[in-house]
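Got the model open in your viewer? Set it to cartoon, keep the selection box handy, and let's walk through it stop by stop.

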Amino acid sequence: MLKESRWIWMDDRMVPWQDANVHVLTHSLHYGMAVFEGVRAYKGREGTHIFRLEEHTERLLNSARVMQMASALSLKEVMDATCRVVAENGLESCYIRPIIFIGYGDMGIYARKNPVRLSIAAWEWGTYLGEEGLSRGIRAKVSSYTRFGVNNFLARAKVSAHYVNSQLAKWEVKGAGYDEAILLDSDGMVAEGPGENIFIVKKGVLKTPPLRSVLDGITRHSVMTLAREEGIPVVEEALTRDDLYLADEAFFTGTAAELTPIREIDDRPIGSGKPGSLTQRLQSLFFDIARGNTPRHPEWRTTVIPKLVP
């Protein structure tokens, strides 16, 4: 169950959590036309920092633009509203979920006159794949479900309807006793997890599938940037299933999953069967930057000013 906060921002005002409701005939509930983001705020030595807020907000608004449901709010207005949600809920570390959706009005596929609405919620939420997964790594399985192709959906947009594909893959492998799924693309090449990008390490080289078949993940970009800064070669290339099996290390990245090692894929141990040294190095560096425990990449952190309580 969600750990409820006090307030949710809806359209232009703060609404009590329990009152942040929409009508059952809200258009996006029926047809899946909504775009969203996942963002995290971290408690650090100098307060609470939202990780790469500008990039997440820009992707949210770009997704809405691609789907022809652009918000009337500016980048700065959405960023300010996000900071306000975190501050007014008194949250130090949290997950943030902004969503732009088509509201109540006409039904049917074509409902261009319905209002486009925006809400932002934030709540305390631990790492998506578990604290043990962060430290020990997780067991993954290649799903029988294929990741949708670039001509099936608009793959650069983070659209709610896309995640039906992800849910089917996740439910399948969880039911079989695994922690997370890996989806292949229509050509049988490695794509991504249900809500994560995937990386492998082979002979000291960090490899990840190209953007042709995956979401342009912000955590993905962050890890690739840090790896290059650390002198680690980074390659975007098509990966086969046996590339996964023969990897020295593997891990998932994503806002929810953060940087989670993969210790096993399809009952095959990856490398030693434990998180590898390069994975651990990047994981430690990522968390230090996100929490503001290092001066590196200050532009990736937006500091939230706590609400002053009289």
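A pocket, for this tour, is an open set of grid points with protein on both sides within 12 Å along at least five of seven lines, and its volume is the space filled by probe spheres set on the points. One thing before we set off: this is a predicted model.

**Stop 1: the second largest pocket**

Select Glu-55, Arg-59, Asn-62, Asp-216 and Ile-218, the residues nearest the centre of the second largest pocket. The lining has 13 residues in total, and the space inside comes to about 270 Å³. Which helix gives the largest share of that lining? Colour H2 and you have it: 6 of the lining residues come from H2. Now add H6 (218-229), since H2 and H6 each supply at least two residues of the lining.

**Stop 2: Glu-37 and Arg-59**

Keep Arg-59 on screen and add Glu-37. The two form a salt bridge, with 2.7 Å between the closest N and O atoms. Arg-59 sits in H2 (residues 53-66) and Glu-37 in the loop between E3 (34-36) and E4 (39-44), so the sequence separation here is 22 residues. Is this pair buried or exposed? Glu-37 is buried, and Arg-59 is buried too. For Glu-37 the relative accessible area is 0%.

Show the surroundings of Glu-37 next. Leaving out residues up to four places away in sequence, Glu-37 touches His-56, Arg-59, Leu-60, Tyr-95, Ile-96, Arg-97, Pro-98 and Lys-158. Try a C-alpha to C-alpha distance from Glu-37 to Ile-99 as well: you should get 6.6 Å, although the two are 62 residues apart in sequence.

**Stop 3: Asp-11 and Arg-117**

Jump to Asp-11, in the loop between E1 and E2. Its side chain meets that of Arg-117 in a salt bridge, 2.9 Å from N to O. Arg-117 belongs to strand E7, so this pair ties together parts that are 106 residues apart in sequence. Asp-11 is partly exposed at 26% relative accessible area, and Arg-117 is partly exposed at 21%.

Check the backbone while you're here. Most residues other than glycine have a negative phi. Asp-11 has a positive phi, near 65°.

**Stop 4: Asp-266**

For another positive phi in a residue that is not a glycine, select Asp-266, where the value is about 50°. Asp-266 is in the loop between E15 (258-265) and E16 (268-269). Asp-266 is buried, with a relative accessible area of 9%.

**Stop 5: more salt bridges**

The whole model has 20 salt bridges. One of them joins Glu-124 to Lys-3, with the closest N and O atoms 2.8 Å apart. Glu-124 is in the loop between E7 (116-123) and H4 (131-136), while Lys-3 is in the segment before E1 (7-10), 121 residues away in sequence. Glu-124 counts as partly exposed, at 40% relative accessibility.

Then select Glu-229, Glu-230, Arg-281 and Arg-296 together: these four are linked in a network of salt bridges.

**Stop 6: helix H5**

Colour residues 163-175, which make up H5. This helix has 13 residues and spans 18 Å from first C-alpha to last, close to the 18 Å expected at 1.5 Å a residue. Show side chains for Asn-165, Ser-166, Ala-169, Lys-170 and Val-173, the buried residues of H5. Why do they line one face of the helix? Turn the view to look down the axis of H5: these residues fall within an arc of 125°, so they share one face. An α-helix has 3.6 residues a turn, so residues three or four places apart point the same way.

What covers the buried residues of H5? Among the elements doing so are strands E8 (138-146) and E9 (180-184). On the other side of H5, look for Trp-171 and Gly-175, both exposed. Step past the end of H5 to Gly-177, which has a positive phi near 95°.

**Last stop: Thr-253**

Finish in strand E14 (residues 249-254), where you'll find Thr-253. Thr-253 is buried, with a relative accessible area of 0%. Switch on its contacts, skipping neighbours within four places in sequence, and you should see Glu-196, Asn-197, Phe-199, Thr-219, Arg-220, Val-223, Glu-258 and Leu-259.

Definitions and conventions: Residues are numbered from 1 along each chain as its sequence is written. This is a predicted model: local features need pLDDT of at least 70, side-chain atom pairs count only at pLDDT 80 or more; totals for chains, interfaces and linings use all residues. Side-chain values use heavy atoms; hydrogens and water are left out. Helices (H or I, at least four residues) and strands (E, at least two) are DSSP runs, numbered from the N terminus. The expected span of a helix is 1.5 Å times one less than its number of residues. Buried means under 20% relative accessible area, exposed over 50%, partly exposed in between (1.4 Å probe, protein chains only). The arc is that of the directions from the helix axis to the C-beta atoms. Contact means heavy atoms within 4.5 Å. On a 1 Å grid over the protein atoms alone, a cavity is a set of points where a 1.4 Å probe fits but cannot get out, and a pocket is an open set with protein on both sides within 12 Å along at least five of seven lines; lining residues have an atom within 4 Å of a point.
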